[in-house]
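This report describes the fold of a single protein chain, taking its sheets, helices and confidence values in turn. The sequence and the model come before the text.

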Amino acid sequence: MPEGGDQPQPRQHAGRLGDLTAQYPVPNHPGVPPSQTAGRVSKLYAVFTVCSLPAKGKAVISGLHHYALEVPDLSVAEGFLQDFGLETGEKDGSLVAMCPGRQQEQVRLVEAPAKRLHHVTFTLRPGTNDAVREALERSGTPVIEPPPGATEDGLWLRDPDGTAVQLLDEPQAPARPAAEVLVNMGGTRQRFDVAQWRTATEDVLPRRLGHSLLFTAQPARMTDFYTQVLGLRVSDTIHHDLVTFLNAGPGDHHIFGFISSTHRGFHHASFEVPSIDAIAVGADRMRAKGHQTGWGLGRHTIGSNFFHYNPDPWGSWIEWFSDIDQIDDCWVAGDWDVPPHLWGTPPPETFLANSEPTPTKE
Ligand SMILES: [Fe+2]
């Protein structure tokens with residue numbers, strides 16, 4: 001049995017594979033047919049840290065700083081991101097978007113003929129810059145020049161899929177502060193003589209970028225690179241490597257991850273909002289502004305966060321989340337046979353469609 005006290009146990013969910021295959025079509029997944037995996041018993045990953053011992057010092061990435069896309073029309077992008085709740089501006093000839101009240105670029109958009117992932121940027125833990133350079137050298141990963149449209153700050157490299165990665169030797173900016181949420185749920189009684197409906201929708205805008213998931217045709221190789229060279233850790237997986245969630249040490253259950261596909265691409269990015277009310281109000285706002293229907297409201301299985309996704313104008317997704325699991329060095333990764341949602345409607349059939357062009361060799 002794994003360590004970790006009352007952490008969820010993967011075997012509790014074995015047998016729900018039928019739900020997954022019925023509700024979660026995977027049109028681009030090149031892996032094993034469901035019939036070959038249906039009888040497989042969930043397995044535990046080896047414990048990658050031991051609670052009573054300090055982590056091995058490899059968690060050099062402290063979080064996701066921003067992501068960047070090439071898109072064909074910056075004015076369309078600007079309107080969409082503003083409707084989502086971000087503030088936009090121009091920087092170095094690119095469109096950038098930020099969360100209100102947070103001094104950190106969260107999205108960068110570079111004009112190009114077709115939408116595709118441009119780069120991802122992470123922050124490093126203080127004092128780890130030299131260790132990162134050594135790890136890159138050991139793995140034979142060269143430092144590169146920044147791609148056009150990006151800043152020159154930090155270290156630049158390419159991951160095994162060829163995606164440009166920027167590592168910034170700086171801390172994460174604080175998320176916009178949020179009021180404490182007092183609940184009267186379960187056995188908890190915290191709120192007295194307060195009409196919740198009068199304040200529940202006062203603060204509904206994104207506070208910070210939390211995570212992003214990318215498509216990849218080589219999830220094992222990508223996972224090895226991001227864990228062994230850049231020090232992220234596997235939080236959990238679905239169906240072996242159909243979906244892989246990675247963490248950066250104590251904090252959010254996942255800040256990055258991969259979805260198996262025929263080729264690389266950007267799947268979604270997710271922004272924290274202060275409450276489940278904020279998610280629902282955001283979905284209402286997008287509907288009122290005429291945007292396509294999304295997916296949600298629901299609660300995810302892996303990560304446990306409440307969610308709502310909207311399709312972006314380029315065939316990928318943007319998400320609000322709230323109440324994501326917080327993990328520490330005691331977390332034990334598992335491989336789960338579960339659908340992505342604990343409750344709510346199933347995802348639309350287009351949810352796992354990778355609309356990005358197959359990349360050419362660079
Ligand atoms: Fe997400």
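## Sheets, helices and confidence

Ile238 has Trp336 of β18 opposite it. The two strands concerned, β9 and β18, run parallel and are joined by two bridges. The model is a predicted one, and its secondary structure amounts to six helices and 19 strands. The protein chain has 362 residues, of which 45% count as buried. Among the contacts with a separation of 6 or more, 71% are between residues 24 or more positions apart.

**The sheet of 10 strands**

β9 and β18 belong to an open sheet of 10 strands with mixed pairing, in the order β18-β9-β10-β12-β8-β13-β16-β15-β14-β19. The edges are β18 (335-336) and β19 (341-343); each has a single partner strand, so one side of each is left without a neighbour in the sheet.

Towards the β19 end of that order, strand β14 (residues 295-300) is joined to β15 by four bridges, and the two run antiparallel. Gly296 has His308 in β15 as its bridge partner. The hairpin formed by β14 and β15 has five residues between the strands, and Gly303 in the turn shows a positive phi of about 95 degrees. β14 is also joined to β19, by two bridges and again in antiparallel fashion; here Arg299 stands opposite Trp343.

**Helix α5**

Which strands does α5 lie across? They are β8, β9, β10 and β12, and the helix runs at about 170 degrees to β12. Helix α5 covers residues 219-229, and its buried residues are Pro219, Met222, Thr223, Tyr226 and Val229. An α-helix has 3.6 residues a turn, so residues three or four places apart point the same way. The buried residues of α5 pack against β8 (208-216), β9 (233-238), β10 (243-247) and β12 (256-260), and also against α4 (129-138). Gly231 follows α5 and has a positive phi, near 80 degrees.

**The sheet of seven strands**

A further open sheet has seven strands, ordered β2-β3-β4-β1-β5-β7-β6, and its pairing is mixed. β2 (87-91) and β6 (155-158) stand at its edges with a single partner strand each, so each has one side without a neighbour in the sheet. On average, neighbouring strands of this sheet are turned by 25 degrees against each other, direction ignored.

Strand β5 (residues 116-124) and strand β7 (residues 164-168) run parallel, joined by five bridges; His119 stands opposite Ala164 of β7. On its other pairing, β7 runs antiparallel to β6, with four bridges, and Trp156 has Gln166 in β7 as its bridge partner. β6 and β7 form a hairpin with five residues between them, and Gly162 in the turn has a positive phi of about 90 degrees.

The strand pairs described above are collected here.

| Strand pair | Direction | Bridges |
|---|---|---|
| β5 and β7 | parallel | five |
| β6 and β7 | antiparallel | four |
| β9 and β18 | parallel | two |
| β14 and β15 | antiparallel | four |
| β14 and β19 | antiparallel | two |

**Helix α3**

Helix α3 (residues 74-84) has Ala77, Phe80, Leu81 and Phe84 as its buried residues. Seen down the helix axis, these fall within an arc of 95 degrees, so they line one face of α3. They pack against β1 (61-71), β2, β3 (94-98) and β4 (105-111), as well as β15 (306-311) and β16 (317-322). Gly85, just after α3, takes a positive phi of about 120 degrees.

**The segment after β19**

Pro359 is placed in the segment after β19. Is this residue buried or partly exposed? Pro359 is partly exposed, because 14 other C-beta atoms lie within 10 Å and a residue counts as buried at 20 or more. Beyond its neighbours within four places in sequence, Pro359 is in contact with His263, Arg264 and Gly162, the last of these being the glycine in the turn between β6 and β7. Between Pro359 and Gly265 the C-alpha to C-alpha distance is 8.9 Å, although 94 residues separate them in sequence.

**Confidence**

The average pLDDT of the protein chain is 87, and 83% of the residues score at least 70. Over residues 1-49 pLDDT stays under 50, and the model has 78 contacts beyond four places in sequence for them. Residues 52-57 also stay under 50, with three such contacts. Where pLDDT is low, the predicted coordinates should not be read in detail.

Key: Residues are numbered from 1 along each chain as its sequence is written. This is a predicted model: local features need pLDDT of at least 70, side-chain atom pairs count only at pLDDT 80 or more; totals for chains, interfaces and linings use all residues. A residue is buried if 20 or more other C-beta atoms lie within 10 Å of its own, exposed if 12 or fewer, and partly exposed in between; C-beta atoms are placed from the backbone. Two residues are in contact if their C-beta atoms, placed from the backbone, lie within 7 Å. Two strands pair if DSSP finds at least two bridges between them. Axes are lines fitted to C-alpha atoms, for helices over the stretch in contact, and angles run from 0 to 180 degrees between N-to-C directions. pLDDT is the predictor's confidence in each residue, from 0 to 100. The arc is that of the directions from the helix axis to the C-beta atoms.
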